[in-house]
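Here are a few short exercises to work through with the model open beside you. Try each task before reading its solution.

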Amino acid sequence: MLIETEKTPNPSTLKFLVGQPVMTDGTRDFASPEDAEISPLAEALFTLGDVTGVFFGSDFVSVTCGPGSDWSDQKPQVLSILLDHFSAGLPLFKPGSAGEIAVPPEEEVHDDPEDADIVAQIKELIETRVRPAVANDGGDIIYRGFNKGTVFLKMQGACAGCPSSSATLKHGIESLLKHYVPEVTDVQAA
């Protein structure tokens with residue numbers, strides 16, 4: 001089994017392409033060892049000590065290490081855990097856990113029904129243009145709402161905490177949305 005690695009815009013995060021599906025539907029973000037208790041793989045990665053985040057995408061795993069961590073030390077250990085896990089065909093989530101169930105957003109999104117057409121256009125652009133680009137960088141983006149011209153988005157995986165994420169939101173995503181949906185005046189992280 002060959003696992004490829006890619007750098008991400010976030011220098012603290014590496015993207016590991018495992019060469020097979022990881023999540024068949026949606027994504028999963030683990031921000032702490034406690035979050036990872038439902039996944040043997042995420043739990044094993046957090047045991048490395050310097051790991052501060054694990055993200056499962058469709059065909060990749062992004063791993064974030066804390067400030068000052070040296071990827072030359074961490075990368076072989078991460079690769080070893082990933083190889084062992086995927087070569088053995090182990091489950092991504094513990095049996096009986098709610099790991100594979102989509103977790104609802106922290107706060108419910110309340111869009112004005114009068115904005116339904118605008119929201120549909122925004123969601124379509126996010127799904128077709130933004131999410132694939134963000135996934136290439138080892139992360140994901142989630143629509144959180146639209147209110148009086150402002151679109152609220154949540155960054156996950158390599159994109160959460162990335163030094164360039166605010167520039168991505170402001171210059172990339174905001175420009176795209178404003179171009180195609182004139183009602184959009186601002187994009188903010190939620």
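Helices here are DSSP runs of H or I with at least four residues, numbered from the N terminus. The model is a predicted one.

**Exercise 1.** Find where Arg131 and Glu127 lie, and work out how their side chains can meet.

*Solution.* Start with the location: Arg131 and Glu127 both belong to helix α3, four residues apart, or about one turn of the helix. An α-helix has 3.6 residues a turn, so residues three or four places apart point the same way. Now check the contact: the closest N and O atoms of Arg131 and Glu127 are 3.0 Å apart, and the pair forms a salt bridge. The cut-off for a salt bridge is 4 Å. Arg131 is partly exposed at 22% relative accessibility, and Glu127 is partly exposed at 44%.

**Exercise 2.** Do the same for Lys178 and Glu174: which helix holds them, and is each buried or partly exposed?

*Solution.* Both lie in helix α4 (residues 165–180), again four residues apart. Their closest N and O atoms are 3.2 Å apart, in a salt bridge. Lys178 counts as partly exposed at 36% relative accessibility, whereas Glu174 counts as buried at 9%. Returning to the earlier pair, salt bridges with shared partners join Glu127, Arg131 and Asp140 into one network.

**Exercise 3.** Trace α3 and find where the helix bends.

*Solution.* Helix α3 covers residues 116–136 and reaches 29 Å from its first C-alpha to its last, close to the expected 30 Å. The bend, about 40°, is at Val130, and Pro132 follows within four residues. Val130 is also one of the buried residues of α3. After the helix comes Gly138, with a positive phi near 85°.

Methods: Residues are numbered from 1 along each chain as its sequence is written. This is a predicted model: local features need pLDDT of at least 70, side-chain atom pairs count only at pLDDT 80 or more; totals for chains, interfaces and linings use all residues. Side-chain values use heavy atoms; hydrogens and water are left out. Helices (H or I, at least four residues) and strands (E, at least two) are DSSP runs, numbered from the N terminus. The expected span of a helix is 1.5 Å times one less than its number of residues. The bend at a residue is the angle between axes fitted to the seven residues ending there and the seven starting there. Buried means under 20% relative accessible area, exposed over 50%, partly exposed in between (1.4 Å probe, protein chains only). A salt bridge is a side-chain nitrogen of Lys or Arg within 4 Å of a carboxyl oxygen of Asp or Glu.
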